[in-house]
Amino acid sequence: MARERLYLFDTTLRDGAQTNGVDFTLVDKLSIMRMLDELGVGADEAIAFEDSPNGVTAAKAAGLICVAVPNPITATLALDDADLVLESLADVPLAELLERF
């Protein structure tokens, strides 16, 4: 029986601190694309989970579907560019999320 694999990886390019004004450069976007390539996954097959406007912007700039799940600090910030905004990852089962996109 063949099993499908779901790969999760962290693309954090800094120490994880909320840093206003951090822009993803072409080099940063290429880094994300290289990681996807190493996994054998196209941008159209990947979903980024982000909690901040900067993360959403970077994910969309890299051509990824983006699900925003704000934390208490970013909950009041605009995440309108995300493809979907959830209050919690528990809101939508992973299988349903994968079917949506």
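Two strands count as paired if DSSP finds at least two bridges between them. Keep that in mind for the β1 stop. The model on screen is predicted.

**Whole chain.** Show the protein chain as a cartoon. Count three helices and three strands. Follow the sequence and the order reads α-β-α-β-β-α. Of the 101 residues, 29% are buried. Turn on the surface: the accessible area is about 7,100 Å², with 52% of it on carbon and sulfur atoms. For a contact map, take pairs at least 6 apart in sequence; 33% of those contacts join residues at least 24 apart.

**β1 and β2.** Select residues 47–50, which form strand β1. Add β2, residues 65–68. The two strands pair in the parallel sense, over four bridges. Zoom in on E50 and look across to β2: A68 stands opposite. Now trace the backbone from β1 through α2 to β2; this β-α-β crossover is right-handed.

Stay on β1 and show side chains. Which residues lie on the covered face, and which on the uncovered one? A48 and E50 are on the covered face, while I47 and F49 are on the uncovered face. In a regular strand, side chains alternate between the two faces of the sheet.

**α2.** Select residues 53–61, helix α2. Highlight G55, V56, A58 and A59, which are buried. Why do these residues fall on the same side of α2? Look down the axis: they cover an arc of only 165° around it, so they share one side of the helix. Bring back the strands, since β1 and β2 are among the elements that cover the buried residues of α2. Step just past the end of α2 to G63, where phi is positive, at about 85°.

**The largest nonpolar core.** This core has 13 residues. Pick L36, V56 and L64, the members that touch the most others in the core. Then color α1 (26–39), α2 (53–61) and β2 (65–68), the elements that each give two or more residues to it.

Center on L64. Leaving out residues up to four places away in sequence, L64 touches I32, L36, A43, A46, A48, A59 and D83. A48 takes you back to the covered face of β1, and A59 to the buried residues of α2.

**A second core.** Finish with V67, V69, L84 and L97. They are among the six residues of another core, which lies apart from the largest one.

Key. Residues are numbered from 1 along each chain as its sequence is written. This is a predicted model: local features need pLDDT of at least 70, side-chain atom pairs count only at pLDDT 80 or more; totals for chains, interfaces and linings use all residues. Side-chain values use heavy atoms; hydrogens and water are left out. A nonpolar core is a set of buried Ala, Val, Leu, Ile, Met, Phe, Trp, Tyr and Cys residues joined through side-chain atoms within 4.5 Å. Buried means under 20% relative accessible area, exposed over 50%, partly exposed in between (1.4 Å probe, protein chains only). Contact means heavy atoms within 4.5 Å. A crossover is right-handed if, with the strands pointing away from the viewer, the path from the first strand over the helix to the second runs clockwise. Accessible areas come from the Shrake-Rupley method with a 1.4 Å probe; for residues, only the protein chains shown count as cover. The arc is that of the directions from the helix axis to the C-beta atoms.
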